[in-house]
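Biologist: I'd like a close look at one part of this protein, please. Could you walk me through it slowly and then show me how it sits in the rest of the chain?

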Amino acid sequence: MSLSIAFVAVLVIAVAAGLTARNRVAGLRGSGARLNSLPNYHAVYAGLWTALPALLFLAIWAPIQGVLVDQAVLASPAGQQLPAFDMVRDTILSEARDIASGAIETGFNPESNAIAPIYAGASARFAFIGCGIALLIALAGGFFALRRIGADFRARSGVERWLLGLLLAASLIAILTTLGIVLSLLFESLRFFKLVSPTEFLFGTTWSPQTALRADQAGSSGAFGSIPLFWGTAFIGAIIAMLVAIPLGLMSAIFLTQYAPHRARAWLKPILEILAGVPTVVYGYFAALTVAPIVRDFGIAIGIESASSESALAAGLVMGIMIIPFVSSMADDSIAAVPQAMGDGSLALGATKSETIKKVLLPAALPGVVGGVLLAVSRAIGETMIVVMAAGLAANLTANPFASVTTVTTQIVQLLTGDQEFDSAKTLAAFALGLVLFLITLALNLIALRVVRKYREAYE
């Protein structure tokens, strides 16, 4: 019996328990008893007690079963003869797993064909154990719930407690996921900082993580100064892109909410928001094939002979166009949410429409505008494809917008591409970059929340 069959069986038992509870309470109502809760609440209560504990056990058992099966296979005589090297052994176990499941007929390694029957037998045995325990839990939960069913039982309160628990679990999953991400970055970053000085990483101006295979080769220690990467990220995503996105996005939001006729707004707003759905690789092609040559030719025309076909300006311009909808949509919704009485009062006092927008509507809508700008900055900081295709991979510390630069996310992709060993400074540097980028983004969010809170107190 597989876990999927157990999942279906648990749901069937839950439905049966719910119908039994509902019919029992309906019979009590027919006999004239006064119910504390409606029959449907009793049915849901019985179904929840039957299904949720069993399904939770199956969710926990699924990864545990894989570990137990691997241990059982390795403990067998054939498993004890497998190579001691972890990578080779894991490859053989993976092939045996695929053969046992029917995904492939034969494996590349002869050992995988030999242990596939052992793997299939161990999988069936532990799956049977897990399914049996899950069904017992479901039956026990259904029996417990049906025993409590009665005219005076507050089934609605029980259902609400279950729903409250589910909501709490959902919030805890989000919190624990965030905590897990932070801890994974932190632990790997600490390993990196044991190999590379934090001072060199945070304040170094040379980035060359290509370490040599032997100590006597040139550049064997590598260079891990991250300043060029973070400067490139800020230069492209937080300066050039924002100089494009913030004015255009904000002005388009003001036009759509204050000046555009209703029919024009109905057409222009969806067209503008289509930009948010365009894949980033399409923007990358547009930047590399159209914008980058124009920027290069313009740079050469104004006397900048070093203008490159891969430049920060080309990537920043296209990235700014890409994130215009994020700024515009948030600003549009915030301006439209400002009470009309505020604008009418300003106009009644003699202010012009432009003065009303500048002095009343925009300050009142500032929290939403700041939120849109932050969302746009986060989107720009995390962008990779446009930078790869239009800005290049060179870690240059330069303020020349016509020069090639790179960003943190692009370098993270480069460091983790291919088969990498997680014990070298080159690979671990990706986690250190991710941790610092996370802290910078967190600091920006805290500053924005402070600004939003200040103006909310003034205008609400």
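At what angle do helix H12 and helix H13 pack, and how far apart are their axes?

Modeller: Happy to, and keep in mind as we go that this is a predicted model. Helix H12 covers residues 340–348 and helix H13 covers residues 353–364. The two pack at an angle of about 145°, and their axes are 10 Å apart. As for handedness, H12 passes H13 in a right-handed crossing.

Who does the touching? From H12 you get Met-342, Gly-343, Ser-346 and Leu-347, while H13 brings Lys-353, Thr-356, Val-360, Leu-361 and Ala-364. Sort the residues of this contact by class and you end up with 5 nonpolar, 3 polar and 1 charged.

Now slide into the loop that sits between H12 and H13, where you'll find Ala-351. Is Ala-351 buried, exposed or partly exposed? Its relative accessible area is 22%, and buried means under 20% while exposed means over 50%, so Ala-351 counts as partly exposed. Leaving out residues up to four places away in sequence, Ala-351 touches Ser-346 and Thr-356. You've met both names already: Ser-346 of H12 and Thr-356 of H13 are among the residues in the helix contact. To place the loop against another part of the chain, take Met-242: Ala-351 and Met-242 are 109 residues apart in sequence, and their C-alpha atoms are 30 Å apart in space.

Let's use another helix pair to put that one in context. Helix H8 (residues 227–259) and helix H11 (residues 312–337) have axes that come within 6 Å and cross at roughly 35°. Here, too, the crossing is right-handed, with H8 passing H11. By class, the contact of H8 with H11 has 24 nonpolar, 8 polar and 1 charged residues. One residue to click on in H8 is Leu-248. Leu-248 has 42% relative accessibility, so this residue is partly exposed. Its C-alpha atom is separated by 12 Å from that of Leu-317, which is 69 residues away along the chain.

Two more residues are worth a stop. Ser-226 is in the loop between strand S2 (223–224) and H8. With a relative accessible area of 1%, Ser-226 is buried. Not counting residues up to four places away in sequence, Ser-226 touches Phe-201, Leu-202, Gly-204, Trp-207 and Leu-433. Then there's Thr-410, in helix H16 (residues 408–416). Thr-410 is buried as well, because its relative accessible area is 0%. Its contacts, leaving aside neighbours within four places in sequence, are Thr-384, Val-387, Val-388 and Leu-393.

Finally, zoom out. The protein chain has 17 helices and 2 strands. Its C-alpha trace spans about 85 × 80 × 40 Å along the principal axes. A compact globule of 460 residues would have a radius of gyration near 23 Å, but this chain has 31 Å. Of those 460 residues, 39% count as buried. The accessible surface comes to about 24,900 Å², and carbon and sulfur atoms account for 67% of that. Lastly, take the contacts with a separation of 6 or more: 71% of them are between residues 24 or more positions apart.

Note on methods:
Residues numbered from 1 in each chain as written. Predicted model: local features only at pLDDT ≥ 70, side-chain atom pairs only at ≥ 80, totals over all residues. Heavy atoms only, no water. Axes fitted to C-alpha atoms, helices over the stretch in contact; angles between N-to-C directions. Helix = DSSP H or I, 4+ residues; strand = E, 2+ residues; numbered from the N terminus. Left-handed = near helix turned anticlockwise from the far one by under 90°. Contact = heavy atoms within 4.5 Å. Nonpolar A, V, L, I, M, F, W, Y, C, P; charged D, E, K, R; others polar. Buried < 20%, exposed > 50% of the residue type's maximum accessible area, 1.4 Å probe, protein only. Rg over C-alpha atoms; globule rule 2.2 N^0.38 Å. Areas by Shrake-Rupley, 256 points an atom, 1.4 Å probe, with all protein chains shown as cover.
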